[in-house]
Amino acid sequence: MSVYDKLKELDITLPPLAVPAAAYVPYVQTGNLLFLSGHIARKDGKPWAAQFGKDITTEEGKAAARAVAIDLLGTLHAATGGDLNRVQRIVKVMSLVNSTGDFTEQHLVTNGASELLGEVFGDKGKHARSAFGVAQIPLGACVEIELMAEID
């Protein structure tokens, strides 16, 4: 099944390439590796500002991370010249989770993104990963995720 058939089955519409909010580019390619800049969680078109352990649950965070993964797929679509079927492997995901000092479920929040990538890409979506709790993320966002992928 093509990646686009899977996206259609999941009722996912890819967003357009986001314009960077600071002095960086949305992605960089070196050889056959793509490095996507961090994307923050958004809700109703605005940064999804919240902190885990204070005012957002792990389940809500999992939904936020899934939404970030959809935004990352939009950027990946642009970076592959409009053909996600060129993706050979999602290599690594790095997730920053805006957390209080006693919140310890960053890995569960990040599963929202990881599980979606596995659904969309199958075995090619299995990736290495880091999930960090951080004191703050730009604009107060609850989650920021970056992604590295290999393409043909």
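**D123 pairs up with K126 in a salt bridge, their closest N and O atoms 3.1 Å apart.** A salt bridge here is a side-chain nitrogen of Lys or Arg within 4 Å of a carboxyl oxygen of Asp or Glu. You're looking at a predicted model, where local features need pLDDT of at least 70 and side-chain atom pairs count only at pLDDT 80 or more, while totals for chains, interfaces and linings use all residues. Residues are numbered from 1 along each chain as its sequence is written, and side-chain values use heavy atoms, with hydrogens and water left out. Is D123 buried or exposed? D123 counts as exposed, at 57% relative accessibility, and K126 is exposed too, with a relative accessible area of 51%. (Buried is under 20%, exposed over 50%, partly exposed in between, with a 1.4 Å probe and protein chains only.) Searching the whole structure turns up four salt bridges, and the next two views show a pair each.

**E115 and K62 bring their side chains together in a salt bridge, at 3.2 Å from N to O.** This pair links distant parts of the chain: E115 sits in helix α3, residues 106-121, and K62 in helix α2, with their positions 53 residues apart. (Helices, H or I of at least four residues, and strands, E of at least two, are DSSP runs numbered from the N terminus.) Both ends get some cover: E115 is partly exposed, with a relative accessible area of 39%, and K62 is partly exposed as well, at 25%.

**R86 and D152 form a salt bridge, with N and O 3.1 Å apart.** R86 comes from the loop between α2 and β5 (87-98) and D152 from the segment after β7 (143-151), so this pair ties together parts that are 66 residues apart in sequence. What about their surroundings? R86 counts as partly exposed at 25% relative accessibility, whereas D152 is exposed, with a relative accessible area of 54%.

**Here's the largest pocket, with a volume of about 450 Å³.** On a 1 Å grid over the protein atoms alone, a pocket is an open set of points where a 1.4 Å probe fits, with protein on both sides within 12 Å along at least five of seven lines, and lining residues have an atom within 4 Å of a point. The volume is the space filled by probe spheres on those points. Which residues lie nearest the centre of the largest pocket? They are Y24, G38, H39, I40 and R42, out of 19 that line the largest pocket. Strand β2 (33-40) and helix α2 (58-79) each give at least two residues to the lining, and β2 has the largest share, with four residues. By class, the lining has 12 nonpolar, four polar and three charged residues. (Ala, Val, Leu, Ile, Met, Phe, Trp, Tyr, Cys and Pro count as nonpolar, Asp, Glu, Lys and Arg as charged, the rest as polar, Gly among them.)

**V25, V28, L33, F35 and V91 make a nonpolar surface patch of about 370 Å².** To join such a patch, residues need over 30% relative accessible area and no salt bridge, with nonpolar side chains (Val, Leu, Ile, Met, Phe, Trp, Tyr) joined within 5 Å. Take L33 as a starting point: L33 lies in strand β2 and is partly exposed, with a relative accessible area of 32%.

**D11 and D44 are two places to look at the backbone, each with a positive phi in a residue other than glycine.** Most residues other than glycine have a negative phi. D11 has a phi near 60 degrees and sits in the loop between α1 (3-9) and β1 (27-30). D44 has a phi near 55 degrees and belongs to the loop between β3 (42-43) and β4 (46-47). Buried or exposed, then? D11 is exposed, with a relative accessible area of 70%, and D44 is exposed, at 75%.

**T13 and L73 are 60 residues apart along the chain, with 9.8 Å between their C-alpha atoms.** T13 is found in the loop between α1 and β1, and at 68% relative accessibility T13 counts as exposed. For another pair, try N111 and Q29: they are 82 residues apart in sequence and 26 Å apart in space, C-alpha to C-alpha. N111 lies in helix α3 and is partly exposed, with a relative accessible area of 22%.

Definitions and conventions: Patches are made of residues with over 30% relative accessible area and no salt bridge: like charges are joined within 9 Å, nonpolar side chains (Val, Leu, Ile, Met, Phe, Trp, Tyr) within 5 Å. Accessible areas come from the Shrake-Rupley method with a 1.4 Å probe; for residues, only the protein chains shown count as cover.
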